[in-house]
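Please open the model in your viewer and keep the selection tool at hand. The stops below say what to select next and what is to be found there.

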Amino acid sequence: MNCALPYHRSNHDLETRNKGFLARMSGETDIFDNQVQLPQDLGDDVVQEVLKTGIDLRQYSEQIEKELKEVENKSIQDYIKESQNIASLHNQITACDNILEKMESMLMCFQKDLGSISSEILSLQRKSVTMSQQLSNRQSIRGPLSQFIEDMTVSEALIVGIMDCPVMEKEFLTQLQILNYKINFVKEQSSKAKSCLDVKDILEKLKIKAMAKIRPYLLEQIYKFRKPMTNYQVPQNNMLKYKLFYEFILANEKNVANEIREEYVDTMSKVYYSYFKSYSSRLMKLQFEERPTKDDLMGIENTAGRSIFHKTTLKHKGTVFSIDTRDAVLNTQLEAPIIVPHTASTNRYHYEALFRSKQYALVDNACREYLFLTEFFKVSGNKAMKIFNKVMEKTLNLMSKNLQSFVDDCYDTIALFLCLHLVMRYQLICHKRAVPALDEYWDNLTTIIWPRFEYIFQLNIQSIKDCDPLKFSKETGPHYITRKYAEFSAAMVSIGEGYPCEGATQLLAELREAVQCFLLRMAAIFPNRIQQLIFLINNYNLVLSVFMERTRNNSKEAESFREQLNPRSSEYVEEVLSQYFGGIIQLIKESESLLEKDQDEDLKRQEGKALALVQSFTNTWRRSLEDINKEILKSFPNLVLGSELVQRAMTQLLQYYNRLHKILPPSARTQLTNIHHIKVEMKKYKVNY
């Protein structure tokens, strides 16, 4: 079948071409009759070819007809040969048509089925959305409704736990929390849901039963504080374990809550007052029996029978003006355990040590009490402060009165200053513990201590101003008033390091000025300038030595005395050198002045004098150096100071010697001792301490 089709197609094409040609040939006769068609027919390629060859168109037409018949016969033969294939093809086409018809009918059925399925799916989707919304609505209401029912329902376990369980058992505490929650819940929902009225009476009865069991228990715990020698921290801690009891009472019966709180406040107020009253009275028995009096001022003259160590009880503990180890209360002992009177009955203490012990005991107890009140009674801010003040008011007033009784008769400035700093540091400790309740108390203690401290300080300043220098012996060594001042000022500065106090700084400046004026008045009683300088240098150096030993940083006091010491030391060195080398020093100064003025004639006139002085220097310089060393060391008991002044004098002498070498004429320079020999000799007097 496939082979016949192309052949059939070519015959058909040939037949078509022949028919066209015959048509054109048949129309040949009309060439001359139809002039319109001539150009078109003449344009045909076949006609043009026939015309060129001169063939008769009729014969050509017949020939063509004959060829067509032959072709047609051949074509028919071909069709006959392929008849079976054509019949088979026809059958196949018919079968395909039948199959396609069946498929068409099936697809039409499928299309109808799919249409119905699509409508069913849409219907199911609508139903699914509706059901999903219904489920969501039911689930959203189910949770709150279930929770509401659960919150409102009074279970048998709740009733048994409240009615039968002892207060101390954990089950009672658990059921009490549940009861408290249900009571609050019913209060909130009673206006919205009438069903709450069904359980309101039951909850009220359970509340009354719980109150009847809790109130006696809390009062019993409070009464335990009243027993003598009771460690009240134990019942306090026990009460904190059951702080929910008070919270329950406070939420449901404020009158009972106020009763319990007032009972606690009254009990603890008496407990703290009794404890601190007893502790303070026993503690004050450990104080030194003899204390500083108005005769122990800085400017009071010492007598033969009294010295700065005249108090036997204070002899090994420090004097009125030196701090020794008393400042330990501000560092190592600040938070050390308190002094226990019956275990320390053989020891004696300065007042600040006893004050520290009392105040630290107060800080410890007051901070713990404040935190207990805020946690147990559920208060804060002003409410917590009011309750705390009710508990501690009597005790704080007692502590303030005890301090006032000591301050009124106190002349121990160092003790007062240490107490001031103890107050500041304990206030900082309270703030670190988040307890502001004692701020007013600390301010009150400061107002008690400071006026007395300032008053005693001014008495010491005035005692120095009133000193008559003529009453003292003419000794060039350090004065005992200077030592008192040095020890006292160093103590004040060391105590205040890191905690500056403007008022104390001003008082120290006034005291420093008074002492410096006193030293100048004392120096004036000496007959010559060298003795005056020795006295001033010894006293200034004493102050600096004590400050360098007792304080960590350079203070204004030390800097002020250093400024006084340096020029006095330079002046003293000049005075000493003038005794032994006065002629040479004068010659140097006069010659340098003449050189500046270009007075060469006057300078030449001094050559003879210069030669004589050089000769004298050459003969005596070794002995003079030895005498200078002896004189300086003898005048200054402090070997370090004496050695420094010796070296300072030697250095100044070398400078003068160099200046002398410059002003001498060449003839005199040859007679000078070699400076290296002088330096070698000076090294003998250099001593390191």
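A polar contact here is a pair of N or O atoms within 3.5 Å; within protein, one must be able to donate a hydrogen and the other to accept it, and residues adjacent in sequence count only if both atoms are side-chain atoms. This is a predicted model, in which local features need pLDDT of at least 70 and side-chain atom pairs count only at pLDDT 80 or more, while totals for chains, interfaces and linings use all residues. Residues are numbered from 1 along each chain as its sequence is written, and side-chain values use heavy atoms, with hydrogens and water left out.

**The whole chain**

Begin with the protein chain in a cartoon view, where there are 24 helices and 0 strands; both are DSSP runs, numbered from the N terminus, with helices being H or I of at least four residues and strands E of at least two. Of the 689 residues in the chain, 42% are buried, where buried means under 20% relative accessible area, exposed over 50%, and partly exposed in between, with a 1.4 Å probe and protein chains only. Taking contact to mean heavy atoms within 4.5 Å, 77% of the contacts between residues at least 6 apart in sequence join residues at least 24 apart.

**Asn 460**

Select Asn 460, which is placed in helix α15 (residues 439-465) and counts as buried at 2% relative accessibility. What does the side chain of Asn 460 reach at 2.8 Å? That partner is the backbone nitrogen of Met 298. If neighbours within four places in sequence are left aside, Asn 460 is in contact with Asp 296, Leu 297, Met 298, Phe 321 and Thr 413.

**Glu 352**

Move on to Glu 352 in helix α12, and ask whether this residue is buried or exposed. Glu 352 counts as buried, at 1% relative accessibility. Not counting residues up to four places away in sequence, Glu 352 touches Arg 326, Val 329, Ala 415, Leu 418, Cys 419 and Leu 422.

**Aromatic rings**

Now show the side chains of Phe, Tyr and Trp, whose rings (for Trp, the six-membered one) pair if their centres lie within 6.5 Å; planes under 30 degrees apart count as stacked, over 60 as edge-to-face and the rest as tilted. A search of the whole structure finds 33 aromatic pairs. One of them joins Tyr 370 and Phe 388, an edge-to-face pair at 5.9 Å centre to centre with 80° between the planes. Because Tyr 370 lies in helix α12 (residues 351-376) and Phe 388 in helix α13 (residues 381-407), the pair ties together parts that are 18 residues apart in sequence. Tyr 370 is buried, at 8% relative accessibility, and Phe 388 is buried with a relative accessible area of 0%.

Next select Phe 472 and Tyr 480, an edge-to-face pair with 5.9 Å centre to centre and 65° between the planes; Phe 472 counts as buried at 11% relative accessibility. Then select Phe 225, Tyr 246, Tyr 264, Phe 372, Phe 376 and Phe 377 together, since ring pairs link them into a cluster.

At Tyr 411, look for Arg 452, which lies over the face of the ring at 4.9 Å from its centre; a charge sits over a ring if NZ of Lys or CZ of Arg is within 6 Å of the ring centre and within 35 degrees of the ring normal.

**Two loop residues**

Asp 324 is found in the loop between α11 (254-284) and α12, and its phi is near 50°, a positive value in a residue other than glycine. At 43% relative accessibility, Asp 324 counts as partly exposed. Lys 378, in the loop between α12 and α13, has a phi near 55°, also positive in a residue other than glycine, and is partly exposed at 40% relative accessibility.

**Toward Asn 674**

For the last stop, select Asn 674 in the loop between α23 (666-669) and α24 (675-683), a residue that is partly exposed at 37% relative accessibility. A polar atom of the Asn 674 side chain lies 2.8 Å from the backbone nitrogen of His 676. Add Thr 618 to the selection: the C-alpha atoms of Asn 674 and Thr 618 are separated by 9.9 Å, although the two residues are 56 apart along the chain.
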